[in-house]
Amino acid sequence: MGNIRDIFKTKDKTFSIELFPPKTEKGYSNLMGTIAKMAALKPDFISCTYGAGGSSRGKTLDIVEHIEKEHNIAAMHHLTCVMHSKDEMESILSDIKSRGVDNILALRGDPPQDNPDWMPGENNFKYSSELIAFIREKFGDDFTIGVAGFPEGHILCPDLNQDAQYLKGKVQSGADFVITQLFFDNRDYFEYMGRLKNIDVTVRIIPGILPITDYQALLRFTKLCGASVPDKVHKIFEPIQDDKEATLKAGIAFCIEQCERLLAAGAPGIHFYALNKIHPVDEILSAIC
Ligand SMILES: Cc1cc2nc3c(=O)[nH]c(=O)nc-3n(C[C@H](O)[C@H](O)[C@H](O)COP(=O)(O)OP(=O)(O)OC[C@H]3O[C@@H](n4cnc5c(N)ncnc54)[C@H](O)[C@@H]3O)c2cc1C
């Protein structure tokens, strides 16, 4: 239905929103209401994450199909290959295709908490680049394929030039575009763009942006994913961490400024890590669009 490659043909900048599958029935029905409100903001696409080790298999697909069919908005299914065999991946991809979803964010993922030592065998993919090549081999150009990029380097690959080479490998395997890990210092994004340009990576690198709404949650999350928190962020949010309203207000102001600067300097849009909430993305989008 909504193929992101076609959207790129007509738009220089895209605005997109990322959701995750809730664990409870109540969370799921709340999310349906949130998606309806998000649809009214007319994002170019909405993506839904895939639980580690395939734990959200089925739910992610239901959500992206709902976004496409009920709201007529392009949806992107995140898909990780950790713990799935190649045959399973082919069957999951066939399901996604048959349900009318044309966009995949192809990822390696990480082993789940209850199986942290899982290692890929002969019948698994080791890296996302292998999954991307497999999708192209089995499904041709049916899917638009996005991949993850890491402006500060992936947590397991602190060598920034090596990390950029791995990203190039994903593009050479068939990826159409990149969404970045969250970052709070725009210099990280622009330096990343510079490294990628030097090695002839020319696909869109869409900044992934997290509006700050909770200082302690931010510290926990950035520690897990390896993104750094600049002094400027600590200085603003640490003193007001117990004041929800003040944090929300400061988070919106920080995010609007970050997005405006990225867009003014040529970023091809923004992908929001919305954490299943309509607010504050609604306010930020109306300020920057
Ligand atoms: C936008 C975005 C969305 C995400 N969505 C999800 C989600 O829905 N579900 C989820 O579980 N996780 C998600 N993640 C997290 C992601 O799964 C983890 O960051 C994971 O550790 C790496 O996935 P990848 O696809 O980048 O892996 P890869 O590209 O395979 O890279 C994994 C590691 O191997 C290294 N590497 C890559 N290629 C090679 C090579 N050829 N040789 C040697 N080393 C190599 C890389 O440097 C990196 O250290 C997301 C991340 C981002 C940025």
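# A tour from helix H2 outward

Start by selecting Glu25, Lys26, Ser29, Met32, Gly33, Ala36 and Ala40, which are exposed on the other side of H2 from its buried residues. A residue is exposed if 12 or fewer other C-beta atoms lie within 10 Å of its own, buried if 20 or more do, and partly exposed in between, with C-beta atoms placed from the backbone. Helices (H or I, at least four residues) and strands (E, at least two) are DSSP runs, numbered from the N terminus.

The model is predicted: local features need pLDDT of at least 70, side-chain atom pairs count only at pLDDT 80 or more, and totals for chains, interfaces and linings use all residues. Residues are numbered from 1 along each chain as its sequence is written.

**Helix H2**

Now select the buried residues of H2, Leu31, Ile35 and Met38. Seen down the helix axis, the buried residues of H2 fall within an arc of 65°, so they line one face. The arc is that of the directions from the helix axis to the C-beta atoms. Show strand S1 (14-19), strand S2 (45-48) and helix H3 (59-71) as well, since the buried residues of H2 pack against these three elements. Packing is judged by contact: two residues are in contact if their C-beta atoms, placed from the backbone, lie within 7 Å.

For a check of length, take the ends of H2 (residues 25-40): the end C-alpha atoms are 23 Å apart, in agreement with the 22 Å that its 16 residues should span at 1.5 Å a residue. The expected span is 1.5 Å times one less than the number of residues.

Move on to Lys42, just after H2, in the loop between H2 and S2. Lys42 is not a glycine, yet its phi is positive, about 55°. Lys42 counts as exposed because it has 11 C-beta neighbours inside 10 Å.

**Whole protein**

Zoom out. The protein has 11 helices and 9 strands. Its radius of gyration is 18 Å, close to the 19 Å that the globule rule gives for 289 residues, so the protein is as compact as a globular protein of that length. The radius is taken over C-alpha atoms, and the rule is 2.2 Å times the number of residues to the power 0.38. Along the principal axes, the C-alpha trace spans about 50 × 45 × 45 Å. Of the 289 residues, 40% are buried. Among contacts between residues at least 6 apart in sequence, 82% join residues at least 24 apart.

**The ligand**

Select the ligand and its surroundings. It is surrounded by 24 residues, of which the closest are Thr49, His78, Arg108, Ala148 and Cys157. Two or more residues of this shell come from each of strand S3 (74-80), strand S4 (103-107), helix H5 (128-139) and helix H6 (160-173). H6 gives the largest share, 4 residues. A residue is near the ligand if its C-beta atom, placed from the backbone, lies within 6 Å of it.

Colour the shell by class: it has 10 nonpolar, 10 polar and 4 charged residues. Ala, Val, Leu, Ile, Met, Phe, Trp, Tyr, Cys and Pro count as nonpolar, Asp, Glu, Lys and Arg as charged, and the others, Gly among them, as polar.

**Helix H7**

Next, select H7 (residues 186-198). Its 13 residues reach 19 Å from first C-alpha to last, close to the 18 Å expected at 1.5 Å a residue. The buried residues here are Asp188, Tyr189, Tyr192 and Leu196. Down the axis of H7 they fall within an arc of 95°, so they line one face of the helix. On the other side, Arg187, Gly194, Lys197 and Asn198 are exposed. Show H6, strand S6 (177-180), strand S7 (204-206) and helix H10 (244-264) to see what the buried residues of H7 pack against. Just after H7, Asp200 has a positive phi of about 65°.

**The loop between S9 and H11**

Finish with the loop between strand S9 (269-273) and helix H11 (281-288), where Ala274 lies. Ala274 is buried, as 24 other C-beta atoms lie within 10 Å. Not counting residues up to four places away in sequence, Ala274 touches Ile17, Glu18, Leu19 and Val281. Draw a distance from Ala274 to Phe20: the C-alpha atoms are 9.0 Å apart, while the two residues are 254 apart in sequence.

Leu275 lies in this loop too. Its phi is near 50°, a positive value in a residue other than glycine. With 15 C-beta neighbours inside 10 Å, Leu275 counts as partly exposed. The last stop is Pro280, also in the loop between S9 and H11: a cis peptide bond joins His279 and Pro280, with omega about 15°.
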